[in-house]
Amino acid sequence: MKKLLQLVFGDARNVASVAIAVALAMLLARVEPALAGWLLVAALLGAAYWQASR
């Protein structure tokens, strides 16, 4: 849980990556609602990986 909070509120880059993930999920929800949650999970995991690799 600590890593998730750090991912979301760590710095401007973290906030931007989470905002992009949420925006993508919201856009997909208009087209295919069932996939929006999966996209959000994948995007957040991608953002976490990006943060961990830097």
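Helices here are DSSP runs of H or I at least four residues long, and strands are runs of E with at least two. On that count, the predicted model comes out with three helices and zero strands. Read from the N terminus, the order is simply α-α-α.

As for the chain overall, buried residues account for 19% of the 54 residues. The exposed surface adds up to about 4,100 Å², and 74% of that is supplied by carbon and sulfur atoms. Among contacts with a separation of 6 or more, 39% link residues that sit 24 or more positions apart.

Helix α2, covering residues 12-31, gets a closer look here. With 20 residues at 1.5 Å each, α2 ought to span 28 Å, and its end C-alpha atoms are in fact 29 Å apart, so the two figures agree. The buried residues of α2 are Asn14, Ser17, Val18, Ala21 and Ala25. These five take up an arc of only 95° around the axis, which means they share the same side of α2. That fits the usual helix arithmetic: with 3.6 residues a turn, residues three or four places apart point the same way. Turn to the other side of α2 and the exposed residues show up: Ala12, Ile20, Met26, Leu27, Arg30 and Val31.

Some of that other side also belongs to a nonpolar patch. Ile20, Leu24 and Leu27 make up this patch on the surface, and together they offer about 290 Å² of accessible area. Leu27 counts as exposed because its relative accessibility is 55%, and the cut-off for exposed is over 50%. Leu24, also in α2, has a relative accessible area of 40%, so this leucine is just partly exposed.

Where does the chain after α2 come in? Two C-alpha pairs give a feel for it. Leu24 and Leu39 are 15 residues apart in sequence, yet their C-alpha atoms lie 7.6 Å apart in space. Ala23, another residue of α2, pairs up with Leu40: the two are 17 residues apart along the chain, and 9.0 Å separates their C-alpha atoms. Ala23 is partly exposed, since its relative accessible area is 38%.

Put together, α2 has a buried set of residues on one side and an exposed set on the other, with Ile20 and Leu27 from the exposed set joining Leu24 in the nonpolar patch.

Terms used: Residues are numbered from 1 along each chain as its sequence is written. This is a predicted model: local features need pLDDT of at least 70, side-chain atom pairs count only at pLDDT 80 or more; totals for chains, interfaces and linings use all residues. Side-chain values use heavy atoms; hydrogens and water are left out. Buried means under 20% relative accessible area, exposed over 50%, partly exposed in between (1.4 Å probe, protein chains only). Contact means heavy atoms within 4.5 Å. Accessible areas come from the Shrake-Rupley method with a 1.4 Å probe; for residues, only the protein chains shown count as cover. Patches are made of residues with over 30% relative accessible area and no salt bridge: like charges are joined within 9 Å, nonpolar side chains (Val, Leu, Ile, Met, Phe, Trp, Tyr) within 5 Å. A salt bridge is a side-chain nitrogen of Lys or Arg within 4 Å of a carboxyl oxygen of Asp or Glu. The expected span of a helix is 1.5 Å times one less than its number of residues. The arc is that of the directions from the helix axis to the C-beta atoms.
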